There are 2 protein chains.
Amino acid sequence: MPDVIGNLLEPNEKKIVLLVMDGLGGLPREAGGKTELESARTPNLDALAVGAECGLHLPIGYGITPGSAPGHLALFGYTPTDYPIGRGVVAALGIDFPMRAGDVAVRMNFATADAEGKITDRRAGRIPTEKCAELCGLLAGVKIPGVEISVRPVKDYRAVVVFRGQGLSDQVRDTDPQATGVKPPAPKPASEKGKRTAEVAGEFIRQALGILAKQKPANAVLMRGFAELPHIPSMKELFGLKPLALAVYPDYKGVSRLVGMEVAHDLRDLDHQAEVLKSSWDRHDFFFLHHKYTDSRGEDGDFAAKVAEIEKVDAFLPKITALKPDVLIVTGDHSTPAVLKAHSSHPIPFLIHGRHVRPDAVREFGERACLGGTWGVIPGAMLMRLALAYADKLAKYGA
Amino acid sequence: MPDVIGNLLEPNEKKIVLLVMDGLGGLPREAGGKTELESARTPNLDALAVGAECGLHLPIGYGITPGSAPGHLALFGYTPTDYPIGRGVVAALGIDFPMRAGDVAVRMNFATADAEGKITDRRAGRIPTEKCAELCGLLAGVKIPGVEISVRPVKDYRAVVVFRGQGLSDQVRDTDPQATGVKPPAPKPASEKGKRTAEVAGEFIRQALGILAKQKPANAVLMRGFAELPHIPSMKELFGLKPLALAVYPDYKGVSRLVGMEVAHDLRDLDHQAEVLKSSWDRHDFFFLHHKYTDSRGEDGDFAAKVAEIEKVDAFLPKITALKPDVLIVTGDHSTPAVLKAHSSHPIPFLIHGRHVRPDAVREFGERACLGGTWGVIPGAMLMRLALAYADKLAKYGA
């Protein structure tokens, strides 16, 4: 109901901080055991929970495992299913590529193929970003009449290609076979609208393979997530906020930009994020702080390392609370249990702290502790509502 | 969001078992007392709850008492209000009657009337099914030009009539007065569309009363639930499942068939259901096991007998868990508190067990214990989502 909110907005200078530990939610390693968050020693988070309202949230819905982009959209106050975002767009925005309406972006991975063209390594031995940039430079040699083509490095073996021209569409299927030992399929239209784009992508790949033929190990390319820019109203329009994103990883900057956030550049780590948070404090009223490595260690299946990342964020917390934000939310964008080595559909614990919250009985920040909190399990997009309310940014509804 | 789910389906061979104790939810007999489920000795269910996610569900909505068909539709993953199903259709499908689009089915109960036509027993002394079948045979003598009429026995005094012909409709009111000492009303159209069908049904009843005049005690008929076949997408279409229904009672086979389940025939009791479950294990990935008598004893108002039925199911549980289903849900389709002798709107406890669930603090399976579980009170149709997720049958949403 963005319209209901829209009529109630009363912008003010009060500060909201959203601290996201990516993939925060977890699972116990063994029957009867604790999750990563429950295992972590988190004195600062626990102290915060005592004065907070707690609960768990579902970014998309029951049983749905969120990707990173929709998981964050929910935290930014958007119902993710109203705004589908393709992988290509997330990648392009993440590297600050100025996409326009009608452009088609697609994530491209450099890969290794054998003499027959069968894929032997879908990540080309994880070539470094510098090598990726060099190869992207070579691919500037691909020419297709009527289409402007941009090839940009992202990170390691990951790149993004943006096609600009008349009559392009995102209706094209992936060429990444998601397996080795097979030839990647040619790009195929997913509907009639995608025919020309599939031909363009096919020609791009043909020329690219020629250019890369002598390269080792990156002599092939795989494409995933053909996507057009969706129209998403900004956080300013929807919530009257002046938001700033403080993220290290490209994809999270991308999704922040998509909702009209200003994005801080070249952040290195939590300490650097805290510094910029402090120096930007007066110019914004919403701050999104993102920590990636909880998710990374979950994806690695490294339970102890994920616990350590949570403890690192806990130790960092005083740098945020010292600024006395009016509202502080701590949560994740999805669960990434180390035992699953992947995103999962489990609800994610959250706490919302501020002068106007009604503290509940939760005494520690953890999945099961939060079940005993105020909110039970709620849609992720509702957290923004609570934040706006407790920052006195919403007027009364009705007389 | 069936469409969202539709795009995420990743069918696999993992097994989901849905064990339904009909009318499971209950109420205490006296202030401060326990419900039927809380009173029952259920060591197996309690052990399962320890490793499960628990909660309660509402099949239709707050304050709405579910009939059996919508209650089950919810458990099968359908929002019941999207798919209204008439009683006649449930009855016809329950006995395997091959209904066609445009047919109108109606449940017919044999009853006893006095000399003036006033109903003295709405169930004709609960005549046995054999007698019911004999009477249905006699009613084959009813002839109405332009209408093909089928009369089939269901169980005891219950039968079903299907009218086939041009211009028929389900827009006809019941003739069952739901009381004794009164004459049943003639079938009346519920809207202009139902006029012809009301006339047909009226003529059917007139001829039937003539044929049954000398019968004792079944000398009258009452009609309930005129219904046409709804279009419901199958569980295969919606969820990619190969489901099997293991139910003893006809109505539950009927609603299973409506969602495209394969239905096991001639099942006698729980042990027989377990046998067929085992022998069908490799050919299906979703198994619906139905136990009727928890509801029956609730309807009887027999608290202790309902407790005994719950304990019987608990003792039977190891026959299911021995097969190691990937996901096991135990719940009911609605509440039938013995103190009310009827279905009620109270939420129904559930547990969902499997390798990927995040166990909560619930230590016993009961209405109030489940309130402390993960899910609070959720829509019944969401259980299917959780089952699909925990059986790894749903891909990630978005990049």
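**Exercise 1. The second largest pocket**

Which element gives the most to the lining of the second largest pocket? Describe the space and its lining in this predicted model.

Solution.
- Step 1. The space in the second largest pocket comes to about 1,100 Å³. Its lining counts 37 residues, and those closest to the centre of the pocket are Arg87(B), Arg107(B), Arg158(B), Lys292(B) and Glu299(B).
- Step 2. At least two lining residues are supplied by each of α4 (68–75), α5 (87–94), β3 (104–113), β5 (148–155), β7 (220–227), α9 (250–258) and α11 (293–300) of chain B.
- Step 3. With six residues, α11(B) gives the most to this lining.
- Step 4. Sorted by class, the lining holds 17 charged, twelve nonpolar and eight polar residues.

**Exercise 2. The largest cavity**

State how many cavities of 30 Å³ or more there are, and work out which residues and elements line the largest cavity.

Solution.
- Step 1. The count is one cavity of 30 Å³ or more. The largest cavity encloses about 30 Å³ of space.
- Step 2. Its lining is formed by Ile16(A), Leu18(A), Leu75(A), Phe286(A), Ile329(A), Leu383(A), Met384(A) and Ala387(A).
- Step 3. Two elements of chain A, β1 (16–21) and α14 (382–390), give two or more residues to the lining of the largest cavity. The largest share, three residues, belongs to α14(A).
- Step 4. By class, the lining of the largest cavity has eight nonpolar residues, no polar and no charged.

**Exercise 3. Helix α12(A) and its contact with α3(A)**

Find the crossing angle of α3(A) and α12(A), classify the pair, and list the residues in contact.

Solution.
- Step 1. Two packed helices are described by the angle between their axes and the distance between the axes.
- Step 2. For α3 (residues 43–50) and α12 (residues 303–321) of chain A, the axes come within 7 Å and cross at roughly 50 degrees.
- Step 3. The relation of α3(A) to α12(A) is therefore oblique.
- Step 4. On the α3(A) side the contact is made by Pro43(A), Asn44(A), Leu45(A) and Leu48(A); on the α12(A) side, by Asp314(A), Ala315(A), Leu317(A), Pro318(A) and Thr321(A).
- Step 5. The contact of α3(A) with α12(A) comprises six nonpolar, two polar and one charged residues.

**Exercise 4. Helix α12(A) and its contact with α11(A)**

Repeat the analysis for α11(A) and α12(A): are they roughly parallel or roughly antiparallel?

Solution.
- Step 1. The axes of α11 (residues 293–300) of chain A and α12(A) come within 8 Å, crossing at roughly 170 degrees.
- Step 2. An angle over 145 degrees counts as roughly antiparallel, so α11(A) is roughly antiparallel to α12(A).
- Step 3. From α11(A), the residues Tyr293(A), Thr294(A), Arg297(A) and Gly298(A) meet Ala305(A), Lys306(A), Glu309(A) and Ile310(A) from α12(A).
- Step 4. By class, three nonpolar, two polar and three charged residues make up the contact of α11(A) with α12(A).

**Exercise 5. Relation of the chains**

By what turn and shift can chain B be laid on chain A, and which residue of chain B comes closest to the rotation axis?

Solution.
- Step 1. A turn of 121 degrees with a shift of 0.1 Å along the axis lays chain B on chain A with an RMSD of 0.4 Å.
- Step 2. This is the relation of a three-fold axis.
- Step 3. Among the residues of chain B, Gly376(B) comes closest to the rotation axis, its C-alpha lying at 3.8 Å.

**Exercise 6. Backbone details**

Locate the cis peptide bonds before Pro217(A) and Pro217(B), and the positive phi at Asp266(A).

Solution.
- Step 1. In chain A, the bond from Lys216(A) to Pro217(A) is cis, with omega near 0 degrees. Pro217(A) sits in the loop between α7 (195–212) and β7 (220–228) of chain A.
- Step 2. In chain B, the bond from Lys216(B) to Pro217(B) is cis, with omega near -5 degrees. Pro217(B) is placed in the loop between α7 (195–212) and β7 of chain B.
- Step 3. Asp266(A) is not a glycine, yet has a positive phi of about 55 degrees. The loop that holds Asp266(A) runs between β9 (262–263) and α10 (270–280) of chain A.

Note on methods: Residues numbered from 1 in each chain as written. Chains lettered and ligands numbered in written order. Predicted model: local features only at pLDDT ≥ 70, side-chain atom pairs only at ≥ 80, totals over all residues. Heavy atoms only, no water. Axes fitted to C-alpha atoms, helices over the stretch in contact; angles between N-to-C directions. Helix = DSSP H or I, 4+ residues; strand = E, 2+ residues; numbered from the N terminus. Parallel < 35°, antiparallel > 145°, perpendicular 65-115°, else oblique. Contact = heavy atoms within 4.5 Å. Nonpolar A, V, L, I, M, F, W, Y, C, P; charged D, E, K, R; others polar. Least-squares fit on C-alpha atoms with pLDDT ≥ 70 in both. 1 Å grid on protein atoms, 1.4 Å probe; cavity = no way out; pocket = protein on both sides within 12 Å on 5 of 7 lines; lining within 4 Å. Points joined across faces, edges and corners; volume = space filled by probe spheres on them.
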